[in-house]
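Student: I should like to learn how to read a structural model. Might we take its features one at a time?

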Amino acid sequence: METTVRNKQVILKHYTKGFPEESDLMIATALDTMELKVKPGSSAILVKNLFLSCDPYMGTFMREPDSGSSEVAVETLPLLDAFLPGKPIAGVGVSEVIDSDDPGFAKGDFVWGIVGWEEYSTVNSFGRFRIDVNIDVPLSYYTGILSVTGLTAYAGFFEICSPKKGETVFVSAAAGAVGHLVGQFAKLMGCYVVGSAGSKQKVDLLLDKFGFDDAFNYKEEPDLNAALKRCLPQGIDIYFENVGGKMLDSVLMNMNVHGRIAVCGMISQYHIESKEGIQNLPVVIYKRIKMQGFLALDFVDRFPKFLDYVVPYLNERKLVYIEDIVEGLENGPAALFRLFQGQNIGKQSIKRGKRINPKFNSSDAHFLWFCRAPSIRIAMGILSWFTGSPKPSQPETTKTEIIQTPAPGMNGAIEVPRPDRATVFEFGSVAATGDRVTLAGYCPVSDDLEPCRWEIVPADGKDAPQFRVVF
Ligand SMILES: NC(=O)c1ccc[n+]([C@@H]2O[C@H](COP(=O)([O-])OP(=O)(O)OC[C@H]3O[C@@H](n4cnc5c(N)ncnc54)[C@H](OP(=O)(O)O)[C@@H]3O)[C@@H](O)[C@H]2O)c1
């Protein structure tokens, strides 16, 4: 193993004004070499970063602190310090410990916490958490459902909104990382759940995969108030706010007396010069609405309770979790800006390592995993289609079948019988009808697929029009 490296990083070129752009970041390899050792006595750990989380707040941190500091909570200031021109940006990451001066961490441990957007980071004691590899999920989950994203959805919904069975819940940006979890937590609670999202594909997912009762594409609704009245004629008891602006104004008109609004985010307002005014705020008085902003950070002490809540649902396949993963640090800037263009579905993150949770058995997983590289539009889905059905035993022999895609070249579509177990698809899209599954797109090779029992990989391992089906 190397003892020194030149660290590849995603650098903030300059402070941004207005809407951040991909070109505000650049990929650079450090001129100086970095020793893969921590300083004795530093209590630090040196980690190799495997997955990096893309989060909307990162766009706001790229602005000069003077102009944006009023929007930054004191608790997040240590993170803001990382957003300096010429330095790598930082966020939640999943990493492997390479060296440690902290007796609590050993080489080979997996951790999640705040790291730089770079190949290797030295992490001090602020915000680092050990990953329990015995929890049978991919490591990437610790950028999302099993870290800040999941805690945000859990705390915002349960702690701020105090939901009751039978109540009506509306979630904006509902097909996003936080939103698709909130909607499912609300369904598990026995609520009536409606979501809004910015495309038909997302609306279909809300209805077909996440179990929302109703959903609408806000971009195609000329009158949001009317859309809310149509989907929630009985009014809204709980609003999980992710977007702000016109949506919030329309929601206020539809809130029920003693309703609760968890103000989690306002992504529509983050990068516009003059924020949209809210016209209907007096409703908060007349309807005695509780409206509270919060940060996931406020609820770090609930993390163990949150894990106790969410892990059994994952194990029992009662939660569908979607990841939208871009491969390679060099595609990180593009991945981050997908959030602001609404291109992501579920949790947006970046994969840069080849490691998987050593205990992860994908056949027990229940989630969708879309994996995209912007240049080649890879999509990878790991689907468990049969919630609650008995698990088939591991086949003893491997059968290989060559399927020809209809069109030559790297993109194509094939239809295969619906598999009877957890499945890996490395394709742009997956659609199921009856006992057939249609897969379309491009197929990469990934080490992460090793533990899967049923997988489709390119016949020659590259841009091939053929796919080998192994089952
Ligand atoms: N309070 C906290 O501690 C905390 C923690 C995490 C996240 N958040 C906030 O929670 C919200 C969701 O975060 P996330 O990580 O789950 O991101 P996300 O929902 O996965 O991604 C952002 C989504 O926002 C939507 N969007 C983007 N621009 C928009 C606009 N101008 N108007 C309306 N919708 C827009 C897009 O979906 P569509 O295609 O549907 O438009 C996009 O996919 C954000 O506001 C974020 O800042 C807060």
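**Reading the model**

Tutor: Let us begin with a loop: Ser43 lies between strand S4 (34-35) and strand S5 (45-53). Please keep in mind that the model is predicted.

Student: What is the phi of Ser43 near?

Tutor: Phi of Ser43 is near 60 degrees, which is a positive value in a residue other than glycine.

Student: Is Ser43 buried or exposed?

Tutor: One counts the other C-beta atoms within 10 Å: 20 or more make a residue buried, and 12 or fewer make it exposed. Ser43 has 15 of them, so it is partly exposed.

Student: Which other residue may we examine in this way?

Tutor: Consider Ala173, in the loop between strand S10 (168-171) and H5. Phi of Ala173 is near 45 degrees, again a positive value in a residue other than glycine. Ala173 has 28 C-beta neighbours inside 10 Å and therefore counts as buried.

Student: How much of the chain counts as buried?

Tutor: Of its 471 residues, 45% count as buried. The chain has eleven helices and 26 strands.

Student: How should I read contacts between residues that are apart in sequence?

Tutor: One takes the contacts between residues at least 6 apart in sequence and asks what share join residues at least 24 apart; in this chain the share is 66%.

Student: Which residues come nearest to the ligand?

Tutor: There are 31 residues around the ligand, and those that come nearest are Gly176, Ala177, Gly198, Gly265 and Gly342. Two elements, helix H4 (148-161) and helix H5 (177-188), give two or more residues to this shell. By class, the shell holds 17 nonpolar, twelve polar and two charged residues.

Student: At what angle do H4 and H5 pack?

Tutor: A helix pair is described by the angle and the distance between the axes. For H4 and H5 the angle is about 45 degrees, and the axes are 9 Å apart.

Student: Why is H4 called oblique to H5?

Tutor: Angles under 35 degrees count as roughly parallel and those of 65 to 115 as roughly perpendicular. The angle of about 45 degrees belongs to neither group, so H4 is oblique to H5. The crossing of H4 past H5 is right-handed.

Student: Which residues make the contact?

Tutor: H4 contributes Thr149, Gly150, Thr152, Ala153, Tyr154, Gly156 and Phe157. From H5 come Ala177, Val178, Leu181, Val182, Phe185 and Ala186. In this contact of H4 with H5, nine residues are nonpolar, four are polar and none is charged.

Methods. Residues numbered from 1 in each chain as written. Predicted model: local features only at pLDDT ≥ 70, side-chain atom pairs only at ≥ 80, totals over all residues. Near = placed C-beta within 6 Å. Helix = DSSP H or I, 4+ residues; strand = E, 2+ residues; numbered from the N terminus. Nonpolar A, V, L, I, M, F, W, Y, C, P; charged D, E, K, R; others polar. Axes fitted to C-alpha atoms, helices over the stretch in contact; angles between N-to-C directions. Parallel < 35°, antiparallel > 145°, perpendicular 65-115°, else oblique. Left-handed = near helix turned anticlockwise from the far one by under 90°. Contact = placed C-beta atoms within 7 Å.
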